[in-house]
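Visitor: Please show me the model. I want to ask how its strand labels are earned.

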Amino acid sequence: MYQIDNVNGKTLYVEAVTPNIFRLVYTGRESVGQASCLVDKRERQPMELTIREEGGQVIIASESLQAEIARETGSCRFRRLRDGKVLLQEGEKSLTEIDVMKYQVEGDAPVVRRVKTVDGERNFMENLVKTTDRKAYRGRLGFCFRPEEGIYGLGQGGRGNLQLPWAQPVSVPA
């Protein structure tokens, strides 16, 4: 796994999974694990990568795919080597550290207050205390699309539209 330090204060790791698939991990952590629920768990075969720095970019290439990573922003352009076609161009990316909160009952037993509202009866716990459980990251990743490209299959819109070119939040497992 190739490591690029100090990309907007974070670290970018690049791993070739196959000659056609690169795994990129952008993180504020010191290291990254090998396991990913988004990458096939089959045995990976070692492959030859060429890595060079050129004009503020780190260029990593396998036999069929090239990733051009802007050192300053971490933005990545993926290019097919046989014809030079740009397959994907990332835009801005960011990670913001956030607190993950949890609620605990203060005291021996919960104090429940029942309130009748227009929507029916609601229960409110009076003695809950909000505490920080752990740290996590809120991530943002932009893409640069060509005018002729469509965006399909995000699975988040319930309106029946196939193409969703506007900003669309998408959930990705951690």
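What follows is a talk about the sheets and their strands.

Visitor: What kind of model is this, and how are residues numbered?

Guide: This is a predicted model, where local features need pLDDT of at least 70, side-chain atom pairs count only at pLDDT 80 or more, and totals for chains, interfaces and linings use all residues. Residues are numbered from 1 along each chain as its sequence is written, and side-chain values use heavy atoms, with hydrogens and water left out.

Visitor: What makes a stretch a strand?

Guide: A strand is a DSSP run of E, at least two residues, numbered from the N terminus. E5 covers residues 57–61, so E5 fits that rule.

Visitor: Why are E5 and E6 called paired?

Guide: Two strands pair if DSSP finds at least two bridges between them. E5 and E6 (residues 65–70) have 5 bridges and run antiparallel, so they count as a pair. Ile60 has Ala67 in E6 as its bridge partner.

Visitor: Which sheet holds them, and what is its strand order?

Guide: An open, antiparallel sheet of 6 strands, ordered E4-E5-E6-E7-E8-E11.

Visitor: Why are E4 and E11 called edges?

Guide: E4 (50–54) and E11 (128–143) each have a single partner strand, so one side of each lacks a neighbour in the sheet. Neighbouring strands here are turned by 20° on average, direction ignored; axes are lines fitted to C-alpha atoms, with angles from 0 to 180 degrees between N-to-C directions.

Visitor: What is the order of the sheet of 3 strands?

Guide: E1-E2-E3, open and antiparallel. E1 (2–7) and E3 (21–27) each have a single partner strand, so they stand at the edges.

Visitor: How many bridges join E2 to E3?

Guide: E2 (residues 10–18) and E3 share 7 bridges, so they pass the pairing rule too. Leu12 stands opposite Tyr26 in E3.

Definitions and conventions
Helix = DSSP H or I, 4+ residues; strand = E, 2+ residues; numbered from the N terminus.
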